[in-house]
Amino acid sequence: MTPAGSDTQQFEDAVRAFADAVAADSKSFVATKPEDVLYDPVRALLKACGDIWNWDVDSRQQVKAEGIGWPDLGVTTKGQLSGYLELKPPGENVRPENYKAKTTNRQQWDRYKALPNLIYTNGSEWSLYHSGKRVSRVRIADDIRDGGGSIDLDKVPVLRELLRSFLESPWGAIAPKSASGLAKFLAPLARYLRDEVRDALTRDVAPLKQLMSDWQGILFAEADDRQFADAYAQTLTYALLLAHFEGAETLTPARATEALQDKHMLLAEALQLLEAPVVRGELRVPVEILERAIEAVDIEAVRSRSDDPWLYFYEQFLGEYDARLRKNRGVYFTPAEVVQLQVRLAAELLRERFGKPLAFADEGVTVLDPAVGTGAYPIAVIEHAASAAAERFGEGGVPARIASLADRLHGFEILVGPYSVAHLRVTQQLVDRGVHGQSARIYLADTLESPNRRSDFTASILQARIAEERELAREIKQDARVLVCLGNPPYDREQRDAEGTEGKRKGGWVRYGDEGSDESPVLQDFVRSVKEAGKGGHLKNLYNDYVYFWRWALWKVFDAYNDGGVVTFITASSYLRGPAFAGMRRKMREILDELWLIDLEGDSLGARKTENVFAIRTPVVIAVGIRSGERKPGTPARVSKAKLTGSAEDKLRALNIAQTLADFDWGECASGWDDPFHIMGDGPYFRWPEVTDLFP
């Protein structure tokens with residue numbers, strides 16, 4: 001027999017009282033909805049739990065808004081948001097995973113399953129869910145409306161543990177201890193926030209409409225409702241996460257902004273803009289859920305799992321958050337072996353062709369990654385420079401050299417998520433090398449946006465720092481002398497016809513130039529000779545993100561100054577062959593002194609399937625191009641190629657072993673329009689015959 005006055009007996013009494021209250025209300029209460037009979041009894045039960053366990057438990061009914069469908073009760077424990085309850089009428093099916101598709105209940109569940117701590121109950125049956133995964137279920141009565149005498153006392157201890165788990169700082173227990181688990185934990189919450197923003201925009205909520213207008217003017221003019229909602233959700237998620245990792249224990253707007261101001265000013269300003277009171281009021285529930293979830297993350301536990309827990313984080317996050325967006329944006333982690341090889345080969349050329357014995361650690365070497373992602377290339381550059389400086393000056397000489405490099409190392413990123421991660425990782429890398437008080441020169445910017453046009457937009461809410469950063473990026477595009485441009489730009493081929501469709505598509509300034517300008521867009525250098533040869537019908541294959549980035553890099557490093565430099569990208573390999581890319585190949589041959597190509601294969605669609613070093617089906621190639629001074633008209637670049645075959649592991653191992661260009665078995669390229677890089681011979685590496693003119 002349970003001792004009178006004990007914790008267990010008190011809970012049993014509270015459950016009986018709950019059942020009696022439901023029974024009484026069911027007989028006398030006139031409800032607007034059948035589940036209303038549960039509101040007061042459930043709130044009283046939760047309050048009783050707080051009294052029993054000496055916790056301050058409170059709950060409030062959510063204000064309904066058409067089209068949003070917030071959970072019925074929000075619960076706080078010790079002043080912190082614990083979770084939510086969704087109440088269903090007594091007797092109704094309360095197993096949401098079994099709801100039929102396209103029903104109202106199923107559509108509601110598809111939204112609510114993102115919540116990290118949620119109870120579904122009809123009074124008789126209780127189910128606890130963590131981010132859509134059921135962790136506990138108990139049925140305490142056949143019909144709770146029959147009162148306290150109908151309670152199955154053997155099931156009461158199960159309900160006790162279910163409610164205690166729900167209330168007792170639950171998100172700290174739920175929050176994962178690894179970066180990969182964190183990505184899966186946060187993605188549905190960010191998606192929930194995104195969907196709420198979309199819904200508010202369809203209802204013409206004025207504060208959000210104004211905020212969207214500000215966002216378009218400050219950052220991305222062509223963002224539609226869908227893109228803005230996505231940007232809002234990702235920006236808020238990553239700003240709050242970064243603030244927590246920078247020391248904010250509570251994520252009130254003021255505390256989070258303060259934590260970001262020293263190192264991440266743009267995100268601090270963006271957070272103020274996105275959490276302005278008039279906006280936050282419209283999105284209170286998903287924002288509070290996100291804040292509470294991130295506050296529960298154990299920072300040290302995540303850090304202890306890896307020296308660089310953020311290495312794969314954004315790719316994993318985006319795959320969970322929106323797999324289609326990940327594919328469209330080309331967000332795939334670049335293997336370290338690829339990144340480090342490109343950095344080593346660029347450093348070799350800096351030493352041997354430009355007289356820079358310390359490579360990246362030498363003064364005057366400005367480096368740019370135009371699609372910086374999560375910062376893999378800048379970090380590899382810093383590591384290489386630190387090693388070179390330590391070898392020459394000892395460890396004591398490293399901080400000064402890295403501090404100098406930090407002012408010359410730039411990155412552009414159009415997606416807020418990877419931008420935030422890159423800021424975090426690169427800034428931490430600087431600190432690890434003894435450089436304090438310097439922020440990473442990573443800019444939230446569209447590389448393909450015009451370098452010539454300043455934005456004349458003035459936003460109405462806290463726009464100063466965001467507009468300033470955008471202008472800094474534009475000035476780098478226009479004025480900075482970049483000696484090395486490197487990275488892994490996105491590749492996504494435009495599926496529509498190149499001509500005759502409505503609206504401006506991808507490619508920005510590279511493809512379209514400045515509005516009203518008499519100057520031809522720089523992409524015309526890739527297009528013109530193909531049209532002149534009567535092969536214009538093939539050009540639809542040219543319109544690909546990576547092609548725009550290649551043209552931009554050639555313009556920035558070589559055309560803009562008629563000087564030397566190095567460009568090294570890993571991209572889709574489609575430009576190595578086919579008539580659509582003949583103009584691109586011609587331009588590369590005209591503008592460079594030498595071009596080395598390391599074909600990594602990776603075609604899983606063709607007749608001869610080969611393994612890819614990425615989790616994609618598009619064959620890829622590493623290219624390293626150099627010009628050591630002014631352009632040499634009439635002297636085409638020497639183009640050499642090596643090909644790696646075998647498994648992905650074999651290819652990455654070969655890249656890891658290679659330290660210099662001489663470590664590859666190079667051959668030269670054959671001519672021809674349809675297959676200008678025709679392979680001659682066989683074996684793991686291919687030799688190519690001498691060629692006098694790669695392009696027609």
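This report walks through the overall build of a predicted model and then some of its salt bridges.

## The chain as a whole

Let's start with the broad view. The chain has 696 residues, and 57% of them count as buried. Its secondary structure comprises 25 helices and 15 strands.

Contacts across the sequence are also worth a look. Taking the contacts in the chain with a separation of 6 or more, 70% are between residues 24 or more positions apart. The accessible surface comes to about 28400 Å², and carbon and sulfur atoms account for 47% of that area.

## Salt bridges around the β3–α3 loop

The model holds 41 salt bridges, counted with a cut-off of 4 Å between a side-chain nitrogen of Lys or Arg and a carboxyl oxygen of Asp or Glu. One of them pairs Arg-95 with Glu-125, where the closest N and O atoms are 2.9 Å apart. This pair ties together distant parts of the chain: Arg-95 sits in the loop between β3 (80-87) and α3 (104-112), while Glu-125 belongs to strand β5 (residues 125-130), 30 residues apart. How do the two partners differ in burial, buried or partly exposed? Arg-95 is partly exposed, at 32% relative accessibility, whereas Glu-125 is buried, with a relative accessible area of 4%. Glu-125 earns that label because buried means under 20% relative accessible area.

The loop between β3 and α3 also carries Glu-97, whose partner Arg-137 lies in strand β6 (residues 133-139), 40 residues apart. Their side chains form a salt bridge at 2.8 Å, N to O. Glu-97 has 30% relative accessibility, so this residue counts as partly exposed.

## A shared network

Which residues are joined into one network by salt bridges that share partners? They are Arg-95, Glu-97, Glu-125, Arg-134, Arg-137 and Arg-139. Both pairs described above, Arg-95 with Glu-125 and Glu-97 with Arg-137, therefore have their members in this network.

## A pair further along the chain

Now for another salt bridge. Lys-506 pairs with Asp-545, and their closest N and O atoms are 2.9 Å apart. Here too, distant parts of the chain are linked: Lys-506 is in the loop between β10 (484-487) and α21 (508-512), and Asp-545 is in helix α23 (residues 545-559), 39 residues apart.

Where does each partner stand in terms of accessibility? Lys-506 is partly exposed at 33% relative accessibility, while Asp-545 is buried, with a relative accessible area of 7%.

Notes: Residues are numbered from 1 along each chain as its sequence is written. This is a predicted model: local features need pLDDT of at least 70, side-chain atom pairs count only at pLDDT 80 or more; totals for chains, interfaces and linings use all residues. Side-chain values use heavy atoms; hydrogens and water are left out. Helices (H or I, at least four residues) and strands (E, at least two) are DSSP runs, numbered from the N terminus. Buried means under 20% relative accessible area, exposed over 50%, partly exposed in between (1.4 Å probe, protein chains only). Contact means heavy atoms within 4.5 Å. Accessible areas come from the Shrake-Rupley method with a 1.4 Å probe; for residues, only the protein chains shown count as cover.
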